[in-house]
Amino acid sequence: MQNRQEKISQVIVTAGQMRDIEDRIFAAGMPVVALMEKVAGLIARRIQEIPPTPLQKQGYVASNTLLKKGGSRVGILVGPGHNGGDALVVARELHFRGYEVWIYSPFSKFKELTSQHLQYAQSLGIPIYQTIEQLPDSDLLIDGLFGFGLERNLTDPIASAINQLNELSVPIYSIDLPSGLHTDTGVVLGTAIRATHTFCLGLWKLAFFQDRALEYVGKAELIDFDIPLADVEAVLKDAPSIKRITPATALATLPLPRPSVTHKYKEGHLLLICGSRRYAGGAILTGLGARASGVGMLSIAVPESLKSLLVSHLPEALIIGCPETESGAIAQLQLPEKTDLTSFNAIACGPGLTRDAAPIVQEVIESERPLILDADGLNILAQMGAIATLKKRLAITVLTPHTGEFQRLFPDVADAKHDTVKAVQEAAAQSGAVVLLKGARTAIANPQGGIWMITESTPALARGGSGDVLTGLLGGLLAQAATKQISVEDIVATAAWWHSQAGILAAQERTELGVDAFTLTQYLLKVLSLVTIP
């Protein structure tokens with residue numbers, strides 16, 4: 001059973017849900033002032049623990065922690081609400097610990113509690129400034145201008161002030177959310193603080209997992225201030241779940257450990273349909289991804305001209321050479337005698353096919369096997385009419401588009417670049433498929449609206465062929481899970497997590513420029529060797 005901390009670390013909430021959860025806490029008797037003290041105390045402690053940024057190592061702060069007692073200068077940006085109150089308590093705590101603190105607050109009206117903290121800070125002799133021009137130099141800025149729930153565009157003079165603050169060569173740490181970001185969509189409301197680090201308070205907010213917000217949030221960290229799990233569950237019980245996958249969840253979903261007595265066909269049989277004379281590498285990379293999954297049996301259907309090439313790279317797989325078109329695409333599936341599509345636990349189709357293989361995609365869509373479509377499989381599906389076609393399928397379908405493919409598949413749903421979560425939810429609901437939308441933060445939705453978010457990745461994966469590796473890895477896991485009681489979206493999320501972690505590990509060792517798709521396949525099993533299987 002998951003413990004409280006693990007469950008809390010998975011939860012992702014909207015602004016409205018977070019507001020309802022806080023209302024329950026306050027209604028139960030928790031004083032707002034007590035919660036503010038607790039949260040700000042945790043933030044002040046973390047600020048003192050975090051190692052310096054490269055910028056600070058170059059001379060801003062000569063210390064083995066972010067701040068150096070007795071010498072560091074900290075600017076506190078204070079807004080009119082309780083986010084500003086949190087910042088003021090942080091200011092007070094750092095002041096008492098010997099830091100040189102000043103406050104910037106261009107507002108004239110404050111919530112009552114925030115006003116009281118501002119008055120006390122002033123009584124302590126902490127300088128308070130109302131214009132940017134007055135601000136002293138600082139080694140660090142703490143952003144407490146606006147918290148979650150902001151919906152209106154910021155205007156001058158605060159918008160101009162934020163732009164000027166962003167131009168300073170000073171790290172900025174935001175409390176809960178960088179000021180100026182929409183909590184749910186991550187949209188910049190006119191302008192926004194570009195934070196070096198963001199302390200997300202209590203529960204993860206949706207903005208942290210929208211691609212458009214990533215350049216503003218910097219390094220994100222959850223500050224768990226002990227929200228009762230019962231309050232979270234009471235608010236979220238009737239809403240589709242939106243969760244971030246954690247290592248513990250992903251590892252628990254893997255088909256490990258295997259039973260002591262088993263055989264290859266009990267560990268899944270996957271059919272890959274991929275490759276063409278023009279794109280032979282897509283078949284190889286997809287096969288290598290599937291190999292890493294540990295699938296019991298792997299069959300790969302490719303054009304006849306690629307058969308010897310695939311055998312040389314994947315000698316353990318059954319390579320099926322198929323008749324091909326003049327352009328070198330698969331013209332017809334030619335499976336071994338006494339074998340048909342029902343012989344496989346899962347089918348993955350698309351990488352390197354070219355659009356000349358449309359009849360093959362049509363054939364596998366009409367099958368009753370779990371099916372993964374990627375690359376040209378998706379392009380062909382889009383030509384067929386994705387929603388109408390998928391609604392006719394009797395078995396589960398998994399789609400793995402990037403944003404361009406997504407828009408071709410689902411031109412009438414929400415703009416995926418504007419709101420990843422809403423777009424992927426609508427696409428899954430309308431098509432009946434599990435949809436994995438690739439991006440800097442990958443989102444997976446099931447037809448009931450449940451969402452998994454992959455919250456760690458690396459731009460090293462933005463290279464041709466890395467998606468082919470994911471298709472093979474996912475196919476192998478799906479084939480193994482066919483006889484086990486694991487939801488398809490959990491398998492999809494686990495594959496995406498494993499794939500992203502391999503990219504992160506490879507980038508750490510080889511830099512972001514050194515992670516080609518073939519290299520990526522060599523890091524998939526290294527990821528598992530570094531973690532503990534439950």
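How many bridges join strand E14 to strand E15, and do the two run parallel or antiparallel? In this predicted model, strand E14 (residues 346-349) and strand E15 (residues 371-373) are joined by 3 bridges, and the two strands run parallel. Within this pairing, Ile347 stands opposite Leu371 of E15.

These two strands belong to a wider arrangement. An open sheet of 10 strands is found, with the order E10-E19-E18-E17-E16-E15-E14-E11-E12-E13 and mixed pairing. Its edges are formed by strand E10 (242-244) and strand E13 (318-322), each of which pairs on one side only. From one strand to the next, the twist averages 15 degrees. It helps to recall a general point when looking along any one strand: in a regular strand, side chains alternate between the two faces of the sheet.

Helices accompany this sheet as well. Helix H18 (residues 466-481) lies across strand E11 (269-273), E14, E15, strand E16 (397-399) and strand E17 (434-437), and runs at about 150 degrees to E11. Helix H19 (residues 488-510) also packs on the sheet, where it touches E16, E17, strand E18 (443-445) and strand E19 (451-453). The direction of H19 makes about 20 degrees with that of E17.

Attention can now turn to strand E3 (residues 100-104). This strand is mostly covered, with 4 of its 5 residues buried. Strand E2 (residues 73-78) is joined to E3 by 5 bridges, and the pair runs parallel; here Gly75 has Trp102 of E3 as its bridge partner. Together, E2, helix H5 (residues 82-96) and E3 make a right-handed β-α-β unit. E3 is also joined to strand E4 (residues 128-129), by 2 bridges and again in parallel, with Tyr129 in E4 as the bridge partner of Tyr104. The chain passes from E3 through helix H6 (residues 112-123) to E4, and this β-α-β crossover is right-handed.

One residue of helix H5 deserves a visit of its own: His82. Is His82 buried or exposed? The answer lies in between: because its relative accessible area is 30%, a value between the 20% limit for buried and the 50% limit for exposed, His82 counts as partly exposed. Leaving aside neighbours within four places in sequence, His82 is in contact with Val32, Met36, Lys111, Leu113 and Thr114. Gly328 makes a useful landmark for a sense of scale: His82 and Gly328 are 246 residues apart in sequence, and their C-alpha atoms are 64 Å apart in space.

Technical notes:
Residues are numbered from 1 along each chain as its sequence is written. This is a predicted model: local features need pLDDT of at least 70, side-chain atom pairs count only at pLDDT 80 or more; totals for chains, interfaces and linings use all residues. Side-chain values use heavy atoms; hydrogens and water are left out. Two strands pair if DSSP finds at least two bridges between them. Axes are lines fitted to C-alpha atoms, for helices over the stretch in contact, and angles run from 0 to 180 degrees between N-to-C directions. Contact means heavy atoms within 4.5 Å. Buried means under 20% relative accessible area, exposed over 50%, partly exposed in between (1.4 Å probe, protein chains only). A crossover is right-handed if, with the strands pointing away from the viewer, the path from the first strand over the helix to the second runs clockwise.
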